[in-house]
Amino acid sequence: MKARIVILGAGFGGLELATVLSEALGNDADVTLIDKSDAFVFGYAKLDVMFGRKAPDAIRLPYRDFAKPGVRFAQETVTAIDPEARRVTTEKGVYEADFLVVALGADYDLAATPGLAEGGNEFYSVSGAQRLAELLPMFSQGKAIVGVCGAPFKCPPAPSEAALLLHEYLTARGVRDDCEISIVIPFGTPVPPSPDTSQALLAAFAERDIEFVAGRRVSSLDPARRVAVLEDGSELPYDLFLGVPKHRAPDVVIASGMTEDGYVPVDSATLETRFPGVYAVGDVATIGVPKAGVFSEGAARVVAASLIARLRGGEESEAYAGRGSCYIEFGDGRVGRVDVDFLSGPKPTGTFQEPSTALVAEKEHFGSSRRLRWFGHR
């Protein structure tokens with residue numbers, strides 16, 4: 001019998017894992033990839049939607065175009081996970097697995113920040129970005145806050161990008177002098193693993209008159225008074241709030257008994273959970289790296305190599321390296337890059353590449369190469 005491999009979640013991790021398994025095993029594999037959505041969206045594309053660069057439909061990559069030998073895609077919602085039995089239940093049926101990989105990402109918990117749903121706007125979902133795309137043209141004066149409501153959160157540079165692109169957007173409209181921009185973040189610096197990256201962002205904030213409020217998160221919003229309440233009790237008034245909501249593992253993962261402190265602990269070298277034959281990759285896992293697509297992708301390759309070795313009898317893969325690069329939009333047609341290494345040394349390290357137009361092209365290649373690899377789109 002073919003080994004049954006069930007992958008939950010078709011984000012960076014799930015797509016890359018299914019692709020590598022297909023390339024190596026073809027129809028010798030029995031891979032099922034399950035996701036409740038009908039399309040994939042690059043996280044950074046939400047900024048394009050928010051600032052009117054692209055329409056929501058233009059950033060969607062339909063899963064119907066993900067066609068790989070030995071892989072079946074099922075658009076279904078996972079309703080239960082039994083990690084001991086490696087059994088998955090959806091609203092349409094039950095899947096038994098020899099190997100189970102949980103890559104369901106992190107969900108947004110708007111209710112964890114009182115007032116956020118009523119008095120603020122989040123820009124981490126496509127619908128949230130679309131809502132802000134409708135609101136931003138009407139914002140011509142007042143105070144704007146880019147506020148982080150909890151850590152860890154996906155794509156750590158994204159709040160900084162949002163503030164810089166908001167500055168660019170308001171400047172292009174000729175209303176920047178009538179607006180104030182603040183960014184509130186729980187970290188002491190914008191990108192803690194890379195002092196050079198943080199310094200470049202702080203310099204960019206200072207040059208653009210963007211206030212950086214460090215080491216605090218937004219604990220609640222008071223829509224009636226239009227103030228953001230920080231965790232130390234201090235308050236910041238706002239006319240427009242752009243929020244990064246608190247993240248948590250999906251309810252179905254928490255209910256499975258796999259989580260500790262909100263996420264699934266894994267072996268940092270192999271991505272294996274405490275349950276035999278069960279792995280977790282990406283934002284749903286606790287591994288000591290950021291919640292970002294490139295790290296999910298790298299983890300997926302390690303799991304794929306491990307599964308291929310188990311099925312083909314080869315050598316086990318090398319340990320997960322915990323390295324990746326994140327692109328950072330600085331505005332004015334320039335993109336920077338930070339290369340980070342989280343696991344090889346005693347502490348995380350990062351190297352900064354100065355913003356340039358060359359990195360704009362490199363970022364575009366990053367997206368286009370994956371569109372081609374996963375979906376066959378040029």
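Is Glu-235 buried, partly exposed or exposed, and at what relative accessibility? Glu-235 counts as partly exposed, at 39% relative accessibility. I shall return to this residue and its partner shortly. Good morning, colleagues. Please bear in mind throughout that the model before you is a predicted one.

Let me begin with strand β1, which covers residues 4–8. Of its 5 residues, 4 are buried, and β1 is therefore largely enclosed by the rest of the structure. Which strands pair with β1? One of them is β2, residues 30–35, which runs parallel to β1 and is joined to it by 5 bridges. Within this pairing, Ile-5 has Val-31 of β2 as its bridge partner. The route from β1 to β2 passes through helix α1, and the resulting β-α-β crossover is right-handed. Strand β9, residues 99–102, also pairs with β1, again in the parallel sense, over 4 bridges. There, the residue opposite Ile-7 is Val-101 of β9. As a general remark, side chains in a regular strand alternate between the two faces of the sheet.

I turn now to the salt bridges. How many salt bridges does the count give? The count comes to 29, and I have selected three for discussion.

The first joins the side chains of Glu-16 and Arg-301, with an N to O distance of 3.1 Å. This pair links distant parts of the chain: Glu-16 belongs to helix α1, residues 12–25, while Arg-301 belongs to helix α8, residues 293–312, and the two are 285 residues apart. The surroundings of the two partners may be stated separately. Glu-16 is buried, at a relative accessible area of 2%, whereas Arg-301 is partly exposed, at 39%.

The second is formed by the side chains of Glu-180 and Lys-143, at 2.8 Å from N to O. Glu-180 sits in strand β13, residues 179–184, and Lys-143 in strand β12, residues 142–148, so this salt bridge ties together parts that are 37 residues apart in sequence. Both ends are accessible in part: Glu-180 is partly exposed, with a relative accessible area of 45%, and Lys-143 is partly exposed, with 29%.

The third brings us back to Glu-235, whose side chain meets that of Arg-225 in a salt bridge of 2.8 Å, N to O. Here Glu-235 lies in strand β17, residues 235–237, and Arg-225 in the loop between β15 and β16, with 10 residues separating the partners. Arg-225 counts as partly exposed, at 47% relative accessibility.

Beyond single pairs, salt bridges that share partners form one network of Glu-16, Glu-23, Glu-297, Arg-301, Arg-370 and Arg-373. The pair of Glu-16 and Arg-301, described above, thus has both its members in this network.

Finally, the cysteines. A disulfide is a covalent bond between the sulfur atoms of two cysteines. How many disulfides does a search of the whole structure find? The search finds 0. Why does Cys-155 form no such bond with Cys-326? The sulfur of Cys-326 is the closest cysteine sulfur to that of Cys-155, yet the two are 5.8 Å apart, which is too far for a bond; the cut-off is 2.5 Å. As to accessibility, Cys-155 is partly exposed, with a relative accessible area of 27%. Cys-179, in contrast, is buried, with a relative accessible area of 5%.

Thank you for your attention.

Terms used. Residues numbered from 1 in each chain as written. Predicted model: local features only at pLDDT ≥ 70, side-chain atom pairs only at ≥ 80, totals over all residues. Heavy atoms only, no water. Buried < 20%, exposed > 50% of the residue type's maximum accessible area, 1.4 Å probe, protein only. Salt bridge = Lys/Arg side-chain N within 4 Å of Asp/Glu carboxyl O. Pairing = 2+ DSSP bridges. Right-handed = clockwise from strand over helix to strand, strands pointing away.
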